Every structure is written in structure tokens, then in C-alpha cells.
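Welcome! Here are some exercises to work through with the model on screen. Try each task yourself before you read its solution.

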Amino acid sequence: MIPPVILAAFPDLAADDPVVTHPPDPRFNCVAWAVGVVDALWWPGDPDGYWPPGVPDELTVAAMVAALGTVGYVPCAGGDLEPGFEKAAVYARSDVPTHVARQSADGRWSSKLGRDCVVGHATPGGVEGAVYGSVVAYLRRPTGTTGGGRIGE
Amino acid sequence: MSTQTVTAPALDHRFHILAAEWRAATRFAAAPSVAAEHPAYRAVIDLGPDVVPLIFAALTDAPEPWFVALRELTGADPVPPADRGRPAAAADHWLAWGRARGLV
């Protein structure tokens, strides 16, 4: 059951087979979730956010792609499932990053919605719209890639 | 700042109204700073230092991004650089700071 407040914010989600997979949790955000971290807020230019060293500390799509690159993601053509790879989708409004979703092994997508819950959805389009804008970049990395993304490592 | 630990009911009521408005309006924002720029959040800060114990009570419940407010209201910043970006750890540092001053 998807809470009505989520469907109100993401109206395309209703037709995208949504499932709440994790309850609200302010300890991590969407970028951290895409990276595989559940104890940090990955966000640039923010005194209360973590941003990987060496990546431009600015809220741009290029910087977001570069940050995901520190954990093995490289740009790719699209969001179709590719065996052996996991993917991430970067969302933006007016070229300003707003969200990152990651693809699960079964080809579905998973979005940590701010401080709120984690929602599974069938396509990247499920959380496109007024809140997060639209997908502006896809990235992929070999399935099972770990390390490099956790604070302190 | 004040070290008052018993807050007036009106302040308590106002804080919880503003906090609920802020949570609802920023729940889907990935960036802590976006949350801290919301008018309801700024209104919490405008309540002044007496609201700090209420923020600590909220932090005890969940490590929400109250850190901007705490820095502005107290002038302190007990979170070491290694724990920036880790809300649970940051909340622990702030709560320890508050306990040492009788604010939690």
C-alpha cells in the first residue's frame, strides 16, 4: 500500500507497480541508496552532507555523475536491464539534480524518497514529474561492485 | 543561550506545529540544506534558543536535519568533520553536547 501523500507527489507512480520496500528513514538519502550506503546523506555543497573527496562540490549533473563514478558507475545509454550490471538514473529539474534511483537485479527500480521511504517501481518514469523532474543521465557498474563509497573508507 | 529545560506550553505547541509543517513539505527532498531553507524551519529558528531542548527531543526520536538550526541557535558545532553527512552520528554528538549542558 503506497501512502496517498506519495502518490499525490508522484502521480505517475500509481501505474508503475509501486511497492514500499523500506520505511521512512532520515539517515540516508537517494544518492547514498544508489551507492549502497545507508548511514549517510550524499549531497554536494551542503554542510550536513557527505561528498566524495576530489569531486566538484557543486550541485550539477556533471558533479553527480562524477560522484557516482567514485563507486564504479560510468555513463551508459539507457535504463534497460543489462545482465551483469546495475544501473543508476540521475534526475534533474532545469539541469539541477534532484534525485537518483538505482536498478535492482530484476530490472525494477528503487528510489529513496528524501527522508521518506524507499519505493520500488517498474520504470525510471515512476518518480518523474514535478518533484524530481526527469531522468537526465543513466549510469551502470558491474553487479556487486562495493567499496569506495562509504565514509571512512 | 538560555539553559531553560522546561519550555512553555505555547512554545512547545508552536514548535510541533512548525516541525510538522516542515516535515510534510520537505519529506522528499534529498538535500539537508533544502530542508533547512523551508520557511517553517526558519520559523523554528526564529523561536530563539528556548526551542533548543525541543529540537533535542526531536533528535532523540529521529536524526532529522536539525543541525543547521542547532548551529545557528547555539553557536556551537560539536560534529567532527569525519561525521559530517552522517545524521545518526551527528545527532549523537549533538545530544551528548546537550546532555553536558542539561538541555536533553
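**Exercise 1.** In the hairpin of β3(A) and β4(A), which residue takes a positive phi?

*Solution.* Some groundwork comes before the answer. This is a predicted model, in which local features need pLDDT of at least 70 and side-chain atom pairs count only at pLDDT 80 or more, while totals for chains, interfaces and linings use all residues. Residues are numbered from 1 along each chain as its sequence is written, and chains are lettered from A and ligands numbered from 1 in the order in which they are written. Helices (H or I, at least four residues) and strands (E, at least two) are DSSP runs, numbered from the N terminus.

Now go to the hairpin, where 2 residues sit between the strands. The residue to find is Ser94(A), with a positive phi near 50 degrees.

**Exercise 2.** Trace the open sheet of chain A from edge to edge, then look at the pairings of β3(A).

*Solution.* Step 1: recall that strands of a sheet pair through backbone hydrogen bonds, either parallel or antiparallel. Two strands are taken as paired if DSSP finds at least two bridges between them.

Step 2: read off the order of the 7 strands, β1-β6-β5-β4-β3-β7-β2, with antiparallel pairing. At the edges stand β1 (19-22) and β2 (74-76) of chain A; each has a single partner strand, so one side of each is left without a neighbour in the sheet.

Step 3: take β3 (residues 85-93) of chain A, which is joined to β4(A) by 6 bridges and to β7(A) by 8 bridges. Ala92(A) has Pro97(A) as its bridge partner in β4(A) and stands opposite Ser134(A) in β7(A). Tyr91(A) has Val135(A) as its bridge partner in β7(A).

Step 4: finish at β2(A), which pairs with β7 (residues 134-142) in the antiparallel sense over 3 bridges. There, Cys76(A) stands opposite Tyr138(A).

**Exercise 3.** Decide how the buried residues of α1(B) are arranged, and find what they pack against.

*Solution.* Step 1: list the buried residues (20 or more other C-beta atoms within 10 Å of the residue's own; exposed means 12 or fewer, partly exposed in between, with C-beta atoms placed from the backbone). In α1(B) they are Phe15(B), Leu18(B), Ala19(B), Trp22(B), Arg23(B) and Thr26(B).

Step 2: look down the helix axis. The buried residues fall within an arc of 135 degrees, so they line one face of the helix; the arc is that of the directions from the helix axis to the C-beta atoms. On the other side, Pro9(B), Ala10(B), His13(B), Ala20(B) and Ala24(B) are exposed.

Step 3: find the packing partners, which are α2 (32-36), α3 (39-46) and α4 (52-61) of chain B. Two residues are in contact if their C-beta atoms, placed from the backbone, lie within 7 Å.

**Exercise 4.** Is Val44(B) buried or exposed?

*Solution.* Step 1: locate Val44(B) in helix α3 of chain B. Step 2: count its C-beta neighbours inside 10 Å; there are 25, so Val44(B) is buried. Step 3: set aside neighbours within four places in sequence, and its contacts are Phe15(B), Leu18(B), Ala19(B), Val51(B) and Ala69(B). The C-alpha atoms of Val44(B) and Leu18(B) are separated by 6.6 Å, although these residues are 26 residues apart along the chain.
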